[in-house]
Amino acid sequence: MAERNLEQLEKIREAVSQDLLSGRIELLLGWEKGHYWWQSRPLFASSEGDLARLTWDSFCAVNLSRYLLDELKDHQKVGVLVKGCDSRAFNRLLQDNMVQRDRVILYGLPCPGILDYNLLAAEAGSKLKGITEENGQVILKTEDGEIEVNRDEMLMVKCSECLYPDPVVYDQMLLEPLGQKEVPERFKAVNELEALSSEERFAYWEKELSRCLRCYACRQACPYCSCRECFVEQENPRWQGRAYQPSENFLFHLVRAYHGAGRCIDCGECQRACPVNIPLQELNRKLIKDINELYGDYEAGVDAEKEPPLLTYRPDDPAAFSEK
Amino acid sequence: MPRTGVFICHCGTNIAGTVDIEKAVEASRNFPGVVHADDYRYLCSEMGQDLIKKAIEDNKLERVVVGTCSPRMHEGTFRKAAAEAGLNPYLLEVANIREHCSWVHKDIEEGTPKAIALLRAAVAKAVLNESLDAPELEVEKRALVIGGGIAGIQAAIDIAEAGYEVDVVEREPSIGGRMAQLEKTFPTLDCSACILTPKMVEAAQHPNINLITYSEVEEVKGFVGQFDVKIRQKARSVDPVKCTGCGVCYEKCPAKASSEFEMGLSKRKAIYVPFPQAVPNVPVIDRDACLYFRKGRCQICEKECPPQAIVYDQKDEFIERRYGTIIVATGFDQMSPSQYGEYGYGQHPDILTGLEFERLFNASGPTGGKVVRLSDGKPPKKVVFVQCVGSRDKARGMNYCSKICCMYTAKQAVLLKEKVPDAKSYVFYIDVRTAGKGYEEFQRRAAEEYDVAYLRGQVGKIFPEGDHLVVHGVDSLSGKIIEIKADMVVLAAASIARADAPDLGRIVGINSDSYHFFNEAHPKLKPVETHTAGIFIAGACQAPKDIPDTVAQASAAAVKAVGLLSKDFLKGEACTAEVNQAECSGCMYCEAVCPYSAINPVEIEERYHGGTLKRTVAEVNPALCQGCGSCTVICRSGSVNLKGFSNEQILAEVDAICLQR
């Protein structure tokens, strides 16, 4: 692990342990190392001992804000480490009335992007044993020696296209902000899909969605999915058939995407969580793009005070169906 | 499974022509739950209704499905019949096999299976219907009229005469509206003020009428019977109780501004009444023009006012009142012809619109009643009238006919001849439209006795040359190019909706057509109703119209309003939304989209891990809910359901159509 990360980790640990010990927060949501070195999983820390396991590295992908849905039931005051995307997820929950702002302390962590293990492993060729990072480079340690690669090229897709590496809402910023960064064209894949004929597009999604296992990991990871009972599990009426067939897969993904219209913060957690690599972000981005085109630019989760376009009415809202 | 009866109407040949009724009856017998099926030539007739009632009793029917016309037409009729037979009216379901089926198909082979599918869906829904009760709602016995023109005045007088209180909100300092700006009225040439002023005074003095002038409606909440309205009464800067209307203030006032009432052709003072017969006769200070408000000194009106009625620090005030019904009568505007560059409007003082020209005839108008050229004060000898400026113009204006221009042009040509006997008028027209009692006769008289030349054709260009305005036109009957050296040109500019009509529509909750005129509920049978219960429209805010039509419509709207106010209670909406609070996650998006403010957050307690947990969920107030269903659409978890249109019922209908082809 890089020196910089250890230094940062100490800074983070110092700040949150103070709050945890003084009782300012009852629980801290952070990350700890998982079973493999390339995994960092959520940490639920309520003691100094728990905090010893805290980690902050290039694999802290899991969006922690969503865990507030459960944790606020059991704890009066919860602290959360938030990257840019976690902070926007928090705004999503705040706007959806799912969390109370005064019961949460947000610790801001500017995030240079999460590394994609699959990319690293592919680059490594032989067995990858670990990495270190230096000056924007990742050094892959393999059985055959070391390979140096450009860090930016090893990022998760969702991170390479991230518009907000710095938290947009926080109580305390723990590290130096990184500032806005240049991103490649975000709607590139959507544009390409839009250019297809409807038959081609249907065939594309039929193929992609045919892999869906309906494990609902996308939903579980998603900050906009906060229903107490998801429509797919409702019995009466039973919206979602249990059968494992394309039309049921379509129903699930399309209805879920519509539920995110104007609400999806484009954090990409759905796609990351998907065990069969369905490009779910493109469904969400299609709706983001449509809403931007119809109602003007709107970035969900950036400003909790800004009214969501589908919940507001303005006289100049487009009404293509009723215009002469 | 509830015992269900199906009744299919032939509607003469309307349905029977494209639906095999016998087949449909046979098919209906096999739907789950159906124990009785029958047909009749006209189910809506008394005999037809009796057939249903008898079958309900004989067969102990618990649900009824009628396959007829649109529920908008006769749902009420059949529900009433079901209720008379002892069934809750909401257990009856209409399958629309006329508008949705027989009328859109020509082929009986296509129409029949579709009718059967629609009936099957209606039965599937009906078996899930539940008995519903409509809440009773009190009626506030007071009406609000928005707009104090002739329409608003007439409606207010009629309502007041029927014995109900009525408030009239007028934006301008005086009531009177457009009619007050007119000199004479066609086709009888009555002096407009002579017939309008008594009505204005009657409205002002009527014990049941409360005039709220210089005010605007800012917010309307609630529903039929109980509209809660917020009215902004703009600061007049004059105490209406102290003011005697002596007029010293505006005589002495040194500041001037363009007069709205005179269409900008002359100036008024900063403190002013819009016209001499204004009601109420209480001046207003135009704070944008007043020297004291602009520069902090002057105060001449305050010094000169005998009863000391000037109140500079008066503030806008808000009136919040409840009304049982609302009539919208906000009138029209005249389109500015400046977009028609070839007519030169705005480039020359002698090119006027119809309403501007009208003011030249008026004794208190900008020229003191002398018809003269505004450029040099000489009486015009040749006047060219151009019709349809902005009307009947698909390319650059409005598609519709403004209706009043043909007649007021004939009137103005006649009046011109009386004022300037040696004047000659030319009228360029597309068609002369004079439908109305005495209208055609009047127009013919103008053409024949008052030397008005009617030229069928359009004007291509108007430009000044020396003392004159050269009018280039084409006489399309003779095909000749016509050039007239005119002294004055009058453009019959289109009547258009008020610029802020869409805003008012949104506040009040009524919709407009693509020209922003307010929509009536039915073009023939509900001409003064709107799609919002309890809100009526009258006058030119609905479409361009003349004074007789406006007055007739105003009285019609008043009757509708009075009919409503005469009831103590109204039946509310039975099909209201309800929240499954166990499922509701409390995001309150439903509250955000509810147009009736019928949804509120409430806190509930829930058992959680042996203890209790407080959380926020949505709750519907059934008295306010109008059953529009917006909340059910926005709710992602389907926790809001609309009674009578529940998710289960709609899915049952969809399944009935899709699963059994």
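The following dialogue asks how some descriptions of this predicted model are reached.

Tutor: Local features need pLDDT of at least 70, side-chain atom pairs count only at pLDDT 80 or more, and totals for chains, interfaces and linings use all residues. Residues are numbered from 1 along each chain as its sequence is written, with chains lettered from A and ligands numbered from 1 in the order in which they are written.

Student: Why is helix 12 of chain B called oblique to helix 13 of chain B?

Tutor: Helix 12 (residues 405–419) and helix 13 (residues 439–449) of chain B pack at about 40°, with their axes 9 Å apart. Angles under 35 degrees count as roughly parallel, over 145 as roughly antiparallel, 65 to 115 as roughly perpendicular and the rest as oblique. The angle therefore makes helix 12 of chain B oblique to helix 13 of chain B.

Student: Which residues of helix 12 of chain B make the contact?

Tutor: They are B:Cys406, B:Met407, B:Ala410, B:Ala413 and B:Val414. Contact requires C-beta atoms, placed from the backbone, within 7 Å. From helix 13 of chain B come B:Tyr439, B:Phe442, B:Gln443 and B:Ala446.

Student: What makes strand 24 and strand 26 of chain B edge strands?

Tutor: Each pairs on one side only. Their open sheet has 3 strands in the order 24-25-26 (chain B), with antiparallel pairing.

Student: How do you know that strand 25 of chain B pairs with strand 26 of chain B?

Tutor: Two strands pair if DSSP finds at least two bridges between them. Here 7 bridges join strand 25 (residues 468–475) of chain B to strand 26 of chain B. B:Leu469, for one, has B:Ala486 in strand 26 of chain B as its bridge partner.

Terms used. Helix = DSSP H or I, 4+ residues; strand = E, 2+ residues; numbered from the N terminus. Axes fitted to C-alpha atoms, helices over the stretch in contact; angles between N-to-C directions. Contact = placed C-beta atoms within 7 Å.
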